[in-house]
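Colleague: Please put the model on screen, and then I will ask about it piece by piece.

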Amino acid sequence: MYLPFLLFATFYLFIINSMTNSLCIQKDIPEERQAKVFRTINVLITILITSSFFRIFMT
């Protein structure tokens, strides 16, 4: 049961990163700020995925 969740989480993180890249290109965010934007979004999405994992499988 863990494998489908991990595959979904990986796919979801990839899609969010693609959307973040599109946002950076569309809004002309400078290269030096893009790393901070990606880091922030990735940390928040990882927290969301982790909390979802615990809520689904640990209750």
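Colleague: How much of its surface does the chain expose, and what share of that do carbon and sulfur atoms supply?

Modeller: Note beforehand that this is a predicted model. The exposed area of the chain comes to about 4,800 Å². Of that area, the share supplied by carbon and sulfur atoms is 69%.

Colleague: How many helices and how many strands are in the chain?

Modeller: Helix H1 covers residues 2–26, and helix H2 covers residues 31–57. No strand accompanies them, and the count is two helices and zero strands.

Colleague: What radius of gyration does the chain have, against that of a compact globule of 59 residues?

Modeller: The C-alpha trace spans about 45 × 15 × 10 Å along its principal axes. A compact globule of 59 residues would have a radius of gyration near 10 Å, whereas the chain has 14 Å.

Colleague: What percentage of the 59 residues is buried?

Modeller: The cut-off for buried is under 20% relative accessible area. In H1, Phe5, Ala9, Ile16, Thr20 and Cys24 are buried; in H2, Gln34, Val37, Ile45, Ile49, Phe53 and Phe57 are buried. For the whole chain of 59 residues, the buried part is 20%.

Colleague: What does the cover of the buried residues of H1 include?

Modeller: Thr20, one of the buried residues of H1, touches Val37, Phe38 and Ile41, leaving aside residues up to four places away in sequence. In the other direction, the cover of the buried residues of H2 includes H1. For the buried residues of H1, the cover includes H2.

Colleague: How far does H2 reach from its first C-alpha to its last?

Modeller: H1, with 25 residues, reaches 36 Å, close to the 36 Å expected at 1.5 Å a residue. H2 has 27 residues, with an expected reach of 39 Å at 1.5 Å a residue. Its reach from first C-alpha to last is close to that expectation, at 39 Å.

Colleague: Which backbone oxygen does the side chain of Thr20 reach?

Modeller: Thr20 is placed in helix H1. Its relative accessible area is 4%, so Thr20 is buried. The distance from its side chain to the backbone oxygen is 2.8 Å, and the residue that supplies this oxygen is Ile16.

Colleague: Is Gln34 buried or exposed?

Modeller: Gln34 is found in helix H2. Leaving aside residues up to four places away in sequence, Gln34 touches Cys24 and Ile29. Its relative accessibility is 15%, and because the cut-off is under 20%, Gln34 counts as buried.

Colleague: What is the phi of Asp28, and where is Asp28 found?

Modeller: Asp28 has a relative accessibility of 64%, so Asp28 counts as exposed. Its C-alpha is 18 Å from that of Ile16, twelve residues apart along the chain. Asp28 is found in the loop between H1 and H2. Its phi is positive, in a residue other than glycine, and is near 55°.

Colleague: How many aromatic pairs does the structure hold, and what is the geometry of Tyr2 and Phe57?

Modeller: The structure holds seven aromatic pairs. Tyr2 and Phe57 form a pair with 4.9 Å centre to centre and 80° between the planes; planes over 60 degrees apart count as edge-to-face, so this pair is edge-to-face.

Colleague: Why does the pair of Tyr2 and Phe57 tie together parts that are apart in sequence?

Modeller: Tyr2 lies in helix H1 and Phe57 in helix H2. Tyr2 is partly exposed at 44% relative accessible area, whereas Phe57 counts as buried at 19%. Because the two rings sit in these two helices, the pair ties together parts whose separation in sequence is 55 residues.

Colleague: What is the arrangement of the rings of Phe53 and Phe54?

Modeller: Phe53 counts as buried at 18% relative accessibility, and Phe54 counts as partly exposed at 44%. Their ring centres are 5.8 Å apart and their planes are at 80°, so the pair is edge-to-face.

Colleague: Which residues do ring pairs link into a cluster?

Modeller: Tyr2 and Phe57 form one aromatic pair, and Phe53 and Phe54 form another edge-to-face pair. The cluster linked by ring pairs consists of Tyr2, Phe5, Phe53, Phe54 and Phe57.

Note on methods
Residues numbered from 1 in each chain as written. Predicted model: local features only at pLDDT ≥ 70, side-chain atom pairs only at ≥ 80, totals over all residues. Heavy atoms only, no water. Helix = DSSP H or I, 4+ residues; strand = E, 2+ residues; numbered from the N terminus. Rg over C-alpha atoms; globule rule 2.2 N^0.38 Å. Buried < 20%, exposed > 50% of the residue type's maximum accessible area, 1.4 Å probe, protein only. Areas by Shrake-Rupley, 256 points an atom, 1.4 Å probe, with all protein chains shown as cover. Contact = heavy atoms within 4.5 Å. Phe/Tyr/Trp six-rings, centres within 6.5 Å; stacked < 30°, edge-to-face > 60°. Expected span 1.5 Å × (residues − 1). Polar contact = N/O pair within 3.5 Å; in protein donor to acceptor, adjacent residues only side chain to side chain.
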